[in-house]
Structure formats: structure tokens, C-alpha cells
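Colleague: I am new to this one. Please take me on a close look at the core and the rings packed around it.

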Amino acid sequence: MRAKWFLGLVFLVVGGVFYHTATNVSRGDIVAYNQLTRPIHLDAIKPGDILAISHDNDAPEVLCNLDDTDRLVDPAAESRVYFNSLGNILPPFDQLIASVAGQVETLSDLYRGGESGDEVYGIAFKGSVRKLRPPTDAGLPSTCDCKMAEKIRLGQKVCMVNKVLTEDGGTWQAVGLAKYANIVPRQQFEACNVSMGTVPLDYFSNPPKCHDFELYDWDVKTRAWLKLIEVERIAQN
């Protein structure tokens with residue numbers, strides 16, 4: 001009897017986790033939908049910045065900036081609602097629990113007034129997006145090479161920012177990085193008096209990736225794989 005009760009409880013928990021994962025939407029989904037990295041909390045980060053990223057992908061450091069302001073695209077307004085297509089067919093998990101408990105629906109992220117005129121449950125995002133015009137591998141100041149070489153020696157990745165998504169008020173932002181890390185020529189290590197002893201032998205022929213899908217949380221990856229997240233522009237009054 002206890003075994004059946006325990007098995008039923010396990011199925012209930014697993015089912016609840018799956019249901020919540022399949023119908024939820026989060027800011028992580030905004031990052032994944034736009035093929036950006038995880039949110040990065042740096043002041044005044046912009047396209048063209050070179051970031052040093054440690055092994056744990058935490059607290060990146062701005063090393064230098066692209067020395068070409070003409071390559072920066074003017075900020076464009078971003079006003080969209082991100083929602084889960086399955087979550088708009090089935091009740092979201094918190095609403096489901098509230099209805100089972102007999103409580104009044106109090107879902108705070110109900111958004112109304114999209115261009116379609118439909119009522120959708122999602123996250124309304126208002127802000128701006130800034131991009132970098134190609135090519136993205138030219139125009140770095142000469143002083144940047146030695147800074148990048150030193151970070152590469154320490155085993156860090158050096159990556160260029162080519163897109164920044166910023167929420168109004170500056171409370172949240174996420175960045176898009178170049179696909180692969182920057183490469184510093186071998187002779188530049190010598191010129192900068194930086195040892196190459198700890199640099200992997202295949203670094204120059206096979207540089208590490210800057211944008212890695214594996215960095216997303218598992219639930220975000222699941223919804224991205226299932227293509228559950230959709231967007232709708234917010235209707236302008």
C-alpha cells in the first residue's frame with residue numbers, strides 16, 4: 001500500500017514538473033529565442049565590446065572596445081510579448097493550482113492587447129536592441145591584443161559582443177556574442193611577452209565557441225527544442 005502511494009506521489013511530482021516546464025515562459029526564454037547568451041549585468045555594455053569570459057561563465061570583464069563607431073547600428077525599439085503556445089492552450093501551472101484550490105485567478109503576467117487582439121499569457125518586453133554591422137573581426141585597437149593574449153593564457157575565452165538587448169530602465173540586458181572566440185596570432189604572444197605554455201595546441205585551428213546552447217537552463221532548452229515560445233508585437237496606441 002505504501003509502495004503504491006509513494007509511486008503515485010512520484011508520478012504526481014514528475015507530472016507537475018513536466019507540466020510546468022511545458023507551459024511556462026521566463027526571461028531565459030527571451031534570451032534563447034533571440035539566440036543571445038545568459039543575461040549579463042555590466043554597466044553600459046555595447047556592441048563591439050570584447051569580453052573575457054571565465055571557465056564558469058560568470059562575471060565577464062570588458063577588455064576593450066571596437067575602434068569604429070560607424071559600425072554601430074542605431075538602437076531600435078523592441079516591444080513584444082513572449083508567450084508559450086502550449087501555455088495558451090492549457091492553463092499555466094500556477095493558474096491550474098489556483099483553480100484546483102478554488103482560488104480566484106490572479107495570474108500577474110496576463111498580457112492583453114497584442115496586434116492579433118488575442119489575450120495571451122506571457123512576458124511583455126519593452127526596450128531596445130543594438131547591433132554591430134559586419135565584418136565583426138576588424139577595427140580593434142592595437143592595445144587590445146596583449147590584453148586578449150593574457151586572458152587566453154589564463155584559459156579564458158575572449159569574445160566580441162555583436163548584439164545587446166536592453167530593457168527600458170536598464171534593469172535587464174542580454175548580449176549576443178560572436179560564434180567563436182577571438183584569435184590572437186602566435187607572434188603577438190611573443191610581442192606582448194605572454195607565455196603560450198598553457199594555451200591548448202588546437203586553440204588557433206579550433207577556437208572555443210562563445211555562444212553555447214548548453215549554457216541555457218534545462219527547462220529553457222526543453223522549450224526551445226520543442227519550439228514552444230512565440231512572440232507577438234505589442235500594439236501601439
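Modeller: Among contacts between residues at least 6 apart in sequence, 77% join residues at least 24 apart. Keep in mind that this is a predicted model. The chain has 237 residues, and 39% of them are buried. Its secondary structure comes to six helices and eight strands. From the N terminus, the order is α-α-β-β-β-α-β-β-α-β-β-α-α-β. About 14100 Å² of the chain is exposed, with 55% of that area supplied by carbon and sulfur atoms.

Now the core. In soluble globular proteins, nonpolar side chains tend to be buried together. Here the largest nonpolar core holds 29 residues. Within this core, I50, L177 and F189 touch the most other members. Several elements each supply at least two of its residues: strands β1 (49–53), β2 (61–65), β6 (157–167) and β7 (173–177), and helix α4 (144–153). The largest share comes from β6, with five residues. Another core lies apart from this one. That other core has 15 residues, among them I30, Y82, I123 and F125.

Take L177 next. Leaving out residues up to four places away in sequence, L177 touches T37, L51, I53 and C210. L177 also touches C159, M160, V161 and N162.

Then turn to F189, where the rings come in. The structure holds three aromatic pairs. One of them joins F189 and F204. Their centres are 6.2 Å apart and their planes stand at 80 degrees, an edge-to-face pair. F189 sits in helix α5 (residues 186–191). F204 sits in the loop between α5 and α6 (218–226). The two are 15 residues apart, and the pair links distant parts of the chain.

Are these two rings buried or exposed? F189 has a relative accessible area of 0%, so F189 is buried. F204 is at 17%, and the limit for buried is under 20%, so F204 counts as buried too. F204 has another ring partner, Y203. The centres of Y203 and F204 lie 5.7 Å apart with planes at 85 degrees, so this pair is edge-to-face as well. Y203 is buried, as is F204. Ring pairs thus link F189, Y203 and F204 into a cluster.

Look at strand β6 once more. E167 is found in this strand. Its relative accessibility is 12%, which is under the 20% limit, so E167 counts as buried. What does the side chain of E167 make a polar contact with? The partner is the side chain of R27, at 3.2 Å. Setting aside residues up to four places away in sequence, E167 touches R27, F125, K126, G127 and W172. One of these, F125, is a member of the 15-residue core.

Last, confidence. The mean pLDDT of the chain is 76, and 69% of the residues reach 70 or more. Helix α4, which supplies at least two residues of the largest core, has the highest confidence, at a mean of 90. Strand β4 (residues 110–112) has the lowest, at a mean of 50. Over residues 99–110 the pLDDT is below 50. In the model, that stretch has eleven contacts beyond near neighbours in sequence.

Technical notes
Residues are numbered from 1 along each chain as its sequence is written. Side-chain values use heavy atoms; hydrogens and water are left out. A nonpolar core is a set of buried Ala, Val, Leu, Ile, Met, Phe, Trp, Tyr and Cys residues joined through side-chain atoms within 4.5 Å. Buried means under 20% relative accessible area, exposed over 50%, partly exposed in between (1.4 Å probe, protein chains only). Helices (H or I, at least four residues) and strands (E, at least two) are DSSP runs, numbered from the N terminus. Contact means heavy atoms within 4.5 Å. Rings of Phe, Tyr and Trp (its six-membered ring) pair if their centres lie within 6.5 Å; planes under 30 degrees apart count as stacked, over 60 as edge-to-face and the rest as tilted. pLDDT is the predictor's confidence in each residue, from 0 to 100. Accessible areas come from the Shrake-Rupley method with a 1.4 Å probe; for residues, only the protein chains shown count as cover. A polar contact is a pair of N or O atoms within 3.5 Å; within protein, one must be able to donate a hydrogen and the other to accept it, and residues adjacent in sequence count only if both atoms are side-chain atoms.
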